[in-house]
Each structure stands twice: as structure tokens, then as C-alpha cells.
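The exercises below ask for a careful reading of how helices and strands are arranged in a single model. Each task is followed by a worked solution that proceeds step by step.

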Amino acid sequence: MMRALIVGGSLAGLATGLALARAGYEVEILERSGPRPRTGGALVATFAELVGAIGREHAETVVAHTGRRDGGVPVLWSTLREGLRRAVDDDPLVTLHHGVRVTTVHDAGRSAHARAGDGRSWSADAVIGADGHRSLVRRSIAPRHPDATYAGYTLWIGEARQSQLDGASRPGGGLLMRSGGPHVLLGYPMPEPGGDALLGWAWYDPTRNGLLRERGNVIGSVVQHSMRASDAPERVLAELYREAKRHWPSPWMEAIQHSVRRRAVTGIPIAEYVPERLVSGRLAIVGNAAHVPTPMTGSGFAASLDDAAALGHALHDAGHADVPAALRVFEAERLWAAQSLVESGHAFSRSFALDRSAV
């Protein structure tokens, strides 16, 4: 049986694992985090997009968990990730390993290898990097262009239940987009059974580049890590609380303030990466390892599903010796689309970032 290793078990990694299993591969997914990974914002995934990448049976498993067959309704990142994990658990060809910090990947010509920091190693017909915007696998594929570039602004994200917001008005239907000074807010109500709603919010903030550099979240032009509320200075949380009242309408003001009081806020320095290549030998990259657009495009996960589907199709009939050529077919199909996706968000980033020297 053909075998594949996937470095990274986030959304793109899980979806790619299912797509390759659908193509007949035995897949091992190596994920650095534990069984309860980080949380994230919200995104939209249509049932049709899921079916195209992972098949109808697994797509049914995902939407049964998320409750979002209607693709127009956002779903929490953590909920979607759990739905994909359940689909992986159901597939006998996919094994998900938690707590694996991969430190090296290597194309050996007739096989590809990954090694973890604790000395464990794996070999397969292909190694696929789904390891995010600071991808280790990308560094092996594109050593002259390894890093995503800081776009010059932060995305603060959080959520709160409508029922917990005393005196707040009810949100209108659909996505809210509102400007306030140099800031932009996206508000996305997610209806729940019983008439309650989870109010997710994403606050684009170009004013705190100095904070990110002071705290080491951004070094030079490279994003290092996000800022959790536990790492943010109290003065910054107090500023967000006050600015929410000044900039944003109800119920989004109350949702942000409730998130700040709960210390349930994450600041994500936005990075962008336009790929020059997606493949080298038996190594390939997908998802945010391959292309990092601003979230303002709203298409990052859909592109990851397209990557997974294209990779599965390219490798479906490939024998052991055919894998490098099949991966080049995948690259030919997906490279231009990946480049176009990231470049489509450049105009927003260039106009939005206040301090271009921060980029």
C-alpha cells in the first residue's frame, strides 16, 4: 500500500489526510499539539466543498458535528476541527498522532522521511506539509523563500453568547462589516438551538505594531506567534475595552467587552505568503504552509480543501516511482490559484496597514 506522512493536524492536515485515504493511501498525521488544540476564529465551509475533498461519508460526519450544512453560516474553527477529527477517527487508513514535534523532513529519492525531536522517525512515499504559516516543510521545498511576511496589522478575535450580554441588542442577520477610525470589525452571528446565538467577532487593528515587536510576536518581517490575553499587558486589554465602546455598535461592543473581561481574546499578527513552488521531489505543501492570504479574503479554508482534492486526484493512480511526477501535476494545478488568492488580498493589506515600515 502507498503511504503518506502529513506534518500538521490542523484543518488542512486533517482534510488532506482524508483526501489521500480516499485515494487509497495509508496516512499518518503528525500533529504537534495535544488532543485539545488551540482555538481559533470562525469560517465558512460548504457541504459541497467538503464532499469534493473528503467524500460524502466524511462530509456527513463533519456537518453532523458542526450542524452547518448550510454553507452560508459561519462555524467556529474549533468545532470544524473536531468534526474533521471525528471523520479521521472513522477512517481506518488514517492515524492521527498528537504531541509530535517534527524537526526535520527529508526527500531521500526513493522515499521521504520525517523525524521528531524525541528521536522518532517515519518514512513514506510522500511527506506533505500542512504545518501552517511557519512551515518546516516549506523551508525544505523553498529554502530561498521560506517565510511569510508580516502584513502590518493584528486581528483580535473572540466570541460571546447573546444570552450573556445584558442589555445588548440582537444582531441583524448575516455578516456585519463596520469601519471605525483606522479599524475594521467583522461580526458573525452563529445561531444555536433554543434561539441563542454565539457572536463571533474579528477586529482588524493596524495601530499596535509596536506592541507586537515589543512582545516578540513579530521579529523583523516574520510573525513568530499570536498573543493570547494572558500575554497581553493589562493596559492593552483596557484599551480594547474602551475602544470597543467608542468604535462598535451593540451587540458587538458588549460581545468584545465580555470577551475581554473573560480574558478570552487572541491577537493574531497577520502574515501573507505568495508561493513560488509547492513541491520538491517527494515533498509538497498545502493550506497555510503553501499560501497565506489575509483572512479578509474569506477563502483560506476553501483553498485548503481545493489543495486536498487536487493532491488526492494527482496521487490516486501513482505508483511508488510515479510520486514525484504526480506531485508536479498537483503543483501545476494549484500554484497559480494559490498565488492569485494571496495577491487578491494585497490591496487591502497595503491600504489598511498604517505603518508600511512594519511590513
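Two strands are taken to pair if DSSP finds at least two bridges between them. The model used throughout is a predicted one.

**Exercise 1. Determine how strand 16 pairs with strand 17, and which residue of strand 17 stands opposite Met227.**

Step 1. Strand 16 and strand 17, the latter covering residues 266–272, are joined by two bridges and pair in the antiparallel sense. Within this pairing, the residue that stands opposite Met227 is Gly267 of strand 17.

Step 2. The wider setting is an open sheet of six strands with antiparallel pairing, in which the order reads 11-12-13-10-17-16. Strand 11 (176–180) and strand 16 (227–228) stand at the edges with a single partner strand each, so one side of each is left without a neighbour in the sheet.

**Exercise 2. Find which strands helix 7 and helix 8 touch when they pack on this sheet, and describe how the two helices pack against each other.**

Step 1. Helix 7 packs on the sheet and touches strand 10 (149–161), strand 11, strand 12 (183–191) and strand 13 (197–205), and its direction makes about 105 degrees with that of strand 13. Helix 8 likewise packs on the sheet, touching strand 10, strand 11, strand 12 and strand 13, with a direction at about 85 degrees to that of strand 13.

Step 2. Between helix 7 (residues 234–247) and helix 8 (residues 252–261) the packing angle is about 165 degrees, and the axes are 8 Å apart. Because angles over 145 degrees count as roughly antiparallel, that description applies to helix 7 and helix 8.

Step 3. The contact is made by Leu237, Leu240, Tyr241, Ala244 and Lys245 on the side of helix 7, and by Met253, Ile256, Gln257, Val260 and Arg261 on the side of helix 8. Sorted by type, the residues of this contact are seven nonpolar, one polar and two charged.

**Exercise 3. Describe the crossing of helix 9 and helix 10, giving its angle, its handedness and the types of residue in the contact.**

Step 1. The axes of helix 9 (residues 300–315) and helix 10 (residues 323–344) come within 8 Å and cross at roughly 160 degrees, and the two helices are therefore roughly antiparallel to each other.

Step 2. The crossing of helix 9 and helix 10 is right-handed. Among the residues that make the contact are Ala303, Asp306 and Leu311 of helix 9, together with Phe330, Glu333 and Arg334 of helix 10. The contact as a whole divides into eleven nonpolar, no polar and four charged residues.

**Exercise 4. Classify the packing of helix 1 against helix 2 and list the residues in contact.**

Step 1. Helix 1 (residues 11–22) and helix 2 (residues 47–54) pack with their axes 8 Å apart and at an angle of about 50 degrees, which makes helix 1 oblique to helix 2.

Step 2. Helix 1 contributes Ala15, Leu18, Ala19 and Arg22 to the contact, while helix 2 contributes Val51, Gly52, Ala53 and Ile54; these divide into six nonpolar, one polar and one charged.

**Exercise 5. Decide whether Arg81 is buried or exposed.**

Step 1. Arg81 is found in helix 4, which covers residues 77–90. Its relative accessibility is 2%, and since buried means under 20%, Arg81 counts as buried.

Step 2. Arg81 and Leu14 lie 67 residues apart along the chain, and their C-alpha atoms are separated by 8.1 Å.

Terms used:
Residues are numbered from 1 along each chain as its sequence is written. This is a predicted model: local features need pLDDT of at least 70, side-chain atom pairs count only at pLDDT 80 or more; totals for chains, interfaces and linings use all residues. Side-chain values use heavy atoms; hydrogens and water are left out. Axes are lines fitted to C-alpha atoms, for helices over the stretch in contact, and angles run from 0 to 180 degrees between N-to-C directions. Helices (H or I, at least four residues) and strands (E, at least two) are DSSP runs, numbered from the N terminus. Angles under 35 degrees count as roughly parallel, over 145 as roughly antiparallel, 65 to 115 as roughly perpendicular and the rest as oblique. A crossing is left-handed if the near helix is turned anticlockwise from the far one by less than a right angle, and right-handed if clockwise. Contact means heavy atoms within 4.5 Å. Ala, Val, Leu, Ile, Met, Phe, Trp, Tyr, Cys and Pro count as nonpolar, Asp, Glu, Lys and Arg as charged, and the others, Gly among them, as polar. Buried means under 20% relative accessible area, exposed over 50%, partly exposed in between (1.4 Å probe, protein chains only).
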